[in-house]
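Here's a quick walk through one model, written for someone who likes to know the cut-offs behind the words. Have a look at the fold first, then read on.

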Amino acid sequence: MPEIYRGVKFKVKFLEKCEIKDKRIRKLASWCRIFAARGLAPRHAGGSAGNLSYRAKKGFIITASGTNLNHHLAASDFVQVVGFDFKKNTTTAIGKKNPSSETGLHAYLYSLNKKIKAIFHGHSELILKNAKRLGIPVTERSALYGSLQLAKLAGETLRTMKKSSSIFVLKNHGFISFGRNMSEAGERAKKALQMVSREPKFSDRVPKKQKASAFRERIK
Ligand SMILES: [Zn+2]
(Lines give C-alpha, C1' and ligand atoms only; values in the text may rest on other atoms or scores of the structure.)
Protein backbone atom coordinates (compact mmCIF):
# COMPACT_ATOMS: atom_id res chain seq x y z
CA MET A 1 0.00 0.00 0.00
CA PRO A 2 1.46 3.42 -0.86
CA GLU A 3 2.44 5.53 2.12
CA ILE A 4 0.07 8.42 2.90
CA TYR A 5 1.61 11.87 2.57
CA ARG A 6 1.86 13.57 5.94
CA GLY A 7 4.06 16.58 5.28
CA VAL A 8 7.73 17.11 5.98
CA LYS A 9 9.58 14.71 8.28
CA PHE A 10 12.35 17.05 9.40
CA LYS A 11 12.64 20.21 11.49
CA VAL A 12 13.04 23.55 9.76
CA LYS A 13 15.14 26.34 11.18
CA PHE A 14 14.35 29.57 9.32
CA LEU A 15 17.18 32.06 8.99
CA GLU A 16 14.65 34.50 7.60
CA LYS A 17 10.94 34.12 6.93
CA CYS A 18 10.85 36.27 3.84
CA GLU A 19 10.19 35.88 0.13
CA ILE A 20 13.33 34.76 -1.63
CA LYS A 21 14.71 36.68 -4.60
CA ASP A 22 16.48 34.94 -7.45
CA LYS A 23 16.05 35.53 -11.18
CA ARG A 24 16.00 31.82 -11.99
CA ILE A 25 12.88 31.15 -9.90
CA ARG A 26 10.77 31.99 -12.95
CA LYS A 27 12.46 29.28 -14.94
CA LEU A 28 11.93 26.75 -12.16
CA ALA A 29 8.25 27.78 -11.97
CA SER A 30 7.88 27.15 -15.70
CA TRP A 31 9.41 23.67 -15.35
CA CYS A 32 6.96 23.00 -12.50
CA ARG A 33 4.08 23.80 -14.85
CA ILE A 34 5.54 21.58 -17.56
CA PHE A 35 5.87 18.68 -15.08
CA ALA A 36 2.28 19.13 -13.90
CA ALA A 37 0.91 19.49 -17.44
CA ARG A 38 2.63 16.31 -18.63
CA GLY A 39 1.49 14.25 -15.68
CA LEU A 40 5.01 14.00 -14.24
CA ALA A 41 3.83 15.43 -10.91
CA PRO A 42 0.29 14.15 -10.35
CA ARG A 43 -1.99 15.81 -7.81
CA HIS A 44 -2.58 14.33 -4.37
CA ALA A 45 -4.43 15.63 -1.34
CA GLY A 46 -1.36 17.47 -0.02
CA GLY A 47 -0.26 19.16 -3.28
CA SER A 48 1.64 17.72 -6.24
CA ALA A 49 3.76 14.58 -6.10
CA GLY A 50 6.99 16.13 -7.27
CA ASN A 51 9.64 18.60 -6.20
CA LEU A 52 12.09 20.54 -8.31
CA SER A 53 15.23 22.43 -7.36
CA TYR A 54 18.35 24.16 -8.69
CA ARG A 55 21.66 24.96 -7.08
CA ALA A 56 21.93 28.57 -5.91
CA LYS A 57 24.96 30.61 -4.85
CA LYS A 58 24.33 29.27 -1.36
CA GLY A 59 22.56 25.92 -1.10
CA PHE A 60 19.66 25.36 -3.47
CA ILE A 61 16.19 26.65 -4.22
CA ILE A 62 13.36 24.13 -4.07
CA THR A 63 9.57 24.02 -4.29
CA ALA A 64 7.78 24.45 -0.98
CA SER A 65 6.09 21.50 0.69
CA GLY A 66 2.47 20.97 -0.34
CA THR A 67 2.77 23.06 -3.50
CA ASN A 68 0.38 22.42 -6.36
CA LEU A 69 2.79 22.65 -9.27
CA ASN A 70 -0.03 23.33 -11.70
CA HIS A 71 -0.85 26.70 -10.15
CA HIS A 72 0.78 29.95 -11.14
CA LEU A 73 3.65 29.80 -8.68
CA ALA A 74 4.93 32.89 -6.88
CA ALA A 75 8.30 33.46 -5.21
CA SER A 76 6.65 32.49 -1.91
CA ASP A 77 6.17 28.93 -3.27
CA PHE A 78 9.95 28.41 -3.27
CA VAL A 79 12.39 28.06 -0.42
CA GLN A 80 16.16 28.50 -0.28
CA VAL A 81 17.80 25.64 1.59
CA VAL A 82 21.17 26.64 2.98
CA GLY A 83 21.90 23.55 5.02
CA PHE A 84 20.70 20.08 5.99
CA ASP A 85 21.95 18.37 9.11
CA PHE A 86 21.25 14.65 8.67
CA LYS A 87 22.22 13.78 12.25
CA LYS A 88 19.79 16.28 13.72
CA ASN A 89 17.31 15.82 10.85
CA THR A 90 17.09 19.60 10.56
CA THR A 91 17.22 21.90 7.59
CA THR A 92 18.16 25.58 7.61
CA ALA A 93 16.15 27.64 5.17
CA ILE A 94 15.09 31.06 3.98
CA GLY A 95 11.49 31.45 2.83
CA LYS A 96 7.89 31.70 3.87
CA LYS A 97 6.96 28.01 3.80
CA ASN A 98 8.51 24.66 4.65
CA PRO A 99 10.73 23.30 1.90
CA SER A 100 9.66 20.12 0.05
CA SER A 101 9.43 16.88 2.02
CA GLU A 102 12.27 15.50 -0.15
CA THR A 103 14.67 18.34 0.75
CA GLY A 104 17.09 15.85 2.34
CA LEU A 105 17.20 13.79 -0.84
CA HIS A 106 18.05 16.87 -2.95
CA ALA A 107 20.62 18.05 -0.38
CA TYR A 108 22.33 14.66 -0.32
CA LEU A 109 22.57 14.35 -4.11
CA TYR A 110 23.93 17.91 -4.50
CA SER A 111 26.56 17.11 -1.88
CA LEU A 112 27.70 14.03 -3.81
CA ASN A 113 28.26 15.68 -7.16
CA LYS A 114 29.21 19.32 -7.52
CA LYS A 115 28.48 19.25 -11.25
CA ILE A 116 24.78 18.71 -10.61
CA LYS A 117 23.07 22.08 -10.78
CA ALA A 118 19.41 21.02 -11.01
CA ILE A 119 17.43 18.08 -9.62
CA PHE A 120 13.85 17.35 -10.63
CA HIS A 121 11.84 14.67 -8.84
CA GLY A 122 8.61 13.45 -10.41
CA HIS A 123 6.23 10.52 -10.40
CA SER A 124 5.27 8.56 -13.48
CA GLU A 125 3.92 5.03 -13.53
CA LEU A 126 4.89 4.76 -17.20
CA ILE A 127 8.54 5.59 -16.54
CA LEU A 128 8.64 3.30 -13.51
CA LYS A 129 7.17 0.34 -15.38
CA ASN A 130 9.50 0.75 -18.38
CA ALA A 131 12.66 1.79 -16.55
CA LYS A 132 14.61 -1.38 -17.25
CA ARG A 133 13.64 -1.45 -20.90
CA LEU A 134 14.72 2.17 -21.24
CA GLY A 135 18.03 1.42 -19.56
CA ILE A 136 17.17 3.69 -16.62
CA PRO A 137 18.87 2.60 -13.37
CA VAL A 138 16.61 1.75 -10.41
CA THR A 139 17.52 1.98 -6.71
CA GLU A 140 18.21 -1.37 -5.14
CA ARG A 141 15.33 -1.14 -2.69
CA SER A 142 12.39 1.11 -1.92
CA ALA A 143 12.17 3.38 1.13
CA LEU A 144 9.68 5.74 2.72
CA TYR A 145 9.35 9.21 1.22
CA GLY A 146 11.42 11.90 2.89
CA SER A 147 13.61 9.36 4.68
CA LEU A 148 17.37 9.28 5.03
CA GLN A 149 17.27 5.70 3.68
CA LEU A 150 15.70 6.97 0.46
CA ALA A 151 18.41 9.63 0.12
CA LYS A 152 21.13 7.01 0.72
CA LEU A 153 19.66 4.56 -1.81
CA ALA A 154 19.46 7.38 -4.37
CA GLY A 155 23.03 8.37 -3.59
CA GLU A 156 24.22 4.80 -4.10
CA THR A 157 22.52 4.66 -7.50
CA LEU A 158 24.00 8.02 -8.49
CA ARG A 159 27.48 6.79 -7.54
CA THR A 160 27.25 3.54 -9.49
CA MET A 161 25.34 4.58 -12.62
CA LYS A 162 27.01 5.49 -15.90
CA LYS A 163 28.44 9.02 -15.97
CA SER A 164 26.50 9.72 -19.16
CA SER A 165 23.13 8.92 -17.53
CA SER A 166 21.10 11.64 -15.90
CA ILE A 167 17.92 9.92 -14.79
CA PHE A 168 17.16 7.09 -12.37
CA VAL A 169 14.15 5.58 -10.68
CA LEU A 170 13.43 5.41 -6.95
CA LYS A 171 11.98 1.91 -6.72
CA ASN A 172 8.18 1.82 -6.36
CA HIS A 173 8.16 5.60 -5.98
CA GLY A 174 9.21 8.02 -8.72
CA PHE A 175 12.17 9.26 -10.72
CA ILE A 176 15.02 11.75 -10.38
CA SER A 177 16.37 13.61 -13.40
CA PHE A 178 19.27 15.99 -13.07
CA GLY A 179 21.70 18.06 -15.08
CA ARG A 180 24.15 20.92 -15.35
CA ASN A 181 21.18 23.27 -15.57
CA MET A 182 17.38 23.15 -15.31
CA SER A 183 16.88 22.57 -19.04
CA GLU A 184 19.01 19.43 -18.98
CA ALA A 185 17.16 18.00 -15.98
CA GLY A 186 13.76 18.81 -17.44
CA GLU A 187 14.48 17.67 -20.99
CA ARG A 188 15.80 14.33 -19.70
CA ALA A 189 12.50 13.66 -17.90
CA LYS A 190 10.49 14.75 -20.94
CA LYS A 191 12.53 12.46 -23.17
CA ALA A 192 11.94 9.45 -20.92
CA LEU A 193 8.21 10.12 -20.93
CA GLN A 194 8.15 10.59 -24.71
CA MET A 195 9.89 7.26 -25.20
CA VAL A 196 7.27 5.36 -23.25
CA SER A 197 4.27 7.39 -24.40
CA ARG A 198 4.88 7.39 -28.16
CA GLU A 199 5.15 3.65 -28.37
CA PRO A 200 2.36 1.97 -26.45
CA LYS A 201 3.70 -1.40 -27.60
CA PHE A 202 7.23 -0.50 -26.64
CA SER A 203 7.94 -4.08 -25.58
CA ASP A 204 6.95 -5.41 -29.00
CA ARG A 205 9.18 -3.05 -30.90
CA VAL A 206 11.50 -4.81 -33.30
CA PRO A 207 15.08 -3.61 -33.01
CA LYS A 208 16.42 -2.00 -36.21
CA LYS A 209 19.02 -4.71 -36.79
CA GLN A 210 16.36 -7.39 -36.71
CA LYS A 211 14.18 -5.46 -39.13
CA ALA A 212 17.04 -5.18 -41.62
CA SER A 213 17.85 -8.88 -41.43
CA ALA A 214 14.19 -9.80 -41.87
CA PHE A 215 14.13 -7.67 -45.00
CA ARG A 216 17.26 -9.37 -46.32
CA GLU A 217 15.58 -12.72 -45.75
CA ARG A 218 12.66 -11.70 -47.88
CA ILE A 219 14.71 -10.50 -50.86
CA LYS A 220 16.97 -13.55 -50.96
ZN1 LIG B 1 8.18 11.45 -4.46
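Let's start with helix 5, residues 182-198: for its 17 residues, 1.5 Å a residue predicts a span of 24 Å, and the end C-alpha atoms are indeed 24 Å apart. The expected span here is 1.5 Å times one less than the number of residues. Helices (H or I, at least four residues) and strands (E, at least two) are DSSP runs, numbered from the N terminus.

Before going further, some housekeeping: this is a predicted model, where local features need pLDDT of at least 70, side-chain atom pairs count only at pLDDT 80 or more, and totals for chains, interfaces and linings use all residues. Residues are numbered from 1 along each chain as its sequence is written.

Back to helix 5, where M182, A185, G186, R188, A189, A192 and L193 are buried. Its buried residues fall within an arc of 160° when you look down the axis, so they line one face of the helix. The arc is that of the directions from the helix axis to the C-beta atoms. On the other side, S183, Q194 and R198 are exposed. A residue counts as buried if 20 or more other C-beta atoms lie within 10 Å of its own, as exposed if 12 or fewer do, and as partly exposed in between, with C-beta atoms placed from the backbone.

What do the buried residues of helix 5 pack against? They pack against helix 1, strand 4, strand 8, helix 3 (125-134), strand 9 and strand 10. Contact means that the C-beta atoms of two residues, placed from the backbone, lie within 7 Å.

Zooming out, the protein chain has six helices and ten strands. Of its 220 residues, 40% count as buried.

Eight strands form an open sheet with mixed pairing, in the order 1-7-6-5-4-8-10-9. Strand 1 (11-16) and strand 9 (167-170) are at the edges with a single partner strand each, so one side of each has no neighbour in the sheet. On average, neighbouring strands of this sheet are turned by 25° against each other, direction ignored. Two strands pair if DSSP finds at least two bridges between them.

Here are some of the pairings, with one residue pair from each.

| Strands | Sense | Bridges | Residue pair |
|---|---|---|---|
| Strand 4 and strand 8 | antiparallel | four bridges | L52 and F120 |
| Strand 8 and strand 10 | antiparallel | five bridges | A118 and G179 |
| Strand 9 and strand 10 | antiparallel | four bridges | V169 and F175 |

Strand 8 is worth a pause: five of its five residues are buried, so it is largely enclosed by the rest of the structure. A118, F120 and G122 cover one side, I119 and H121 the other, and all are buried. In a regular strand the side chains alternate between the two faces of the sheet.

Helix 1 (residues 25-37) lies across strand 4 (51-55), strand 5 (60-63), strand 6 (78-85) and strand 8 (118-122), and runs at about 150° to strand 4. Axes are lines fitted to C-alpha atoms, for helices over the stretch in contact, and angles run from 0 to 180 degrees between N-to-C directions.

Last stop: H123, in the loop between strand 8 and helix 3. Is H123 buried or partly exposed? H123 is partly exposed, with 19 other C-beta atoms within 10 Å. Leaving out residues up to four places away in sequence, H123 touches A41, P42, A49, G50 and G174. F35 is 88 residues from H123 along the chain, yet their C-alpha atoms are separated by 9.4 Å.
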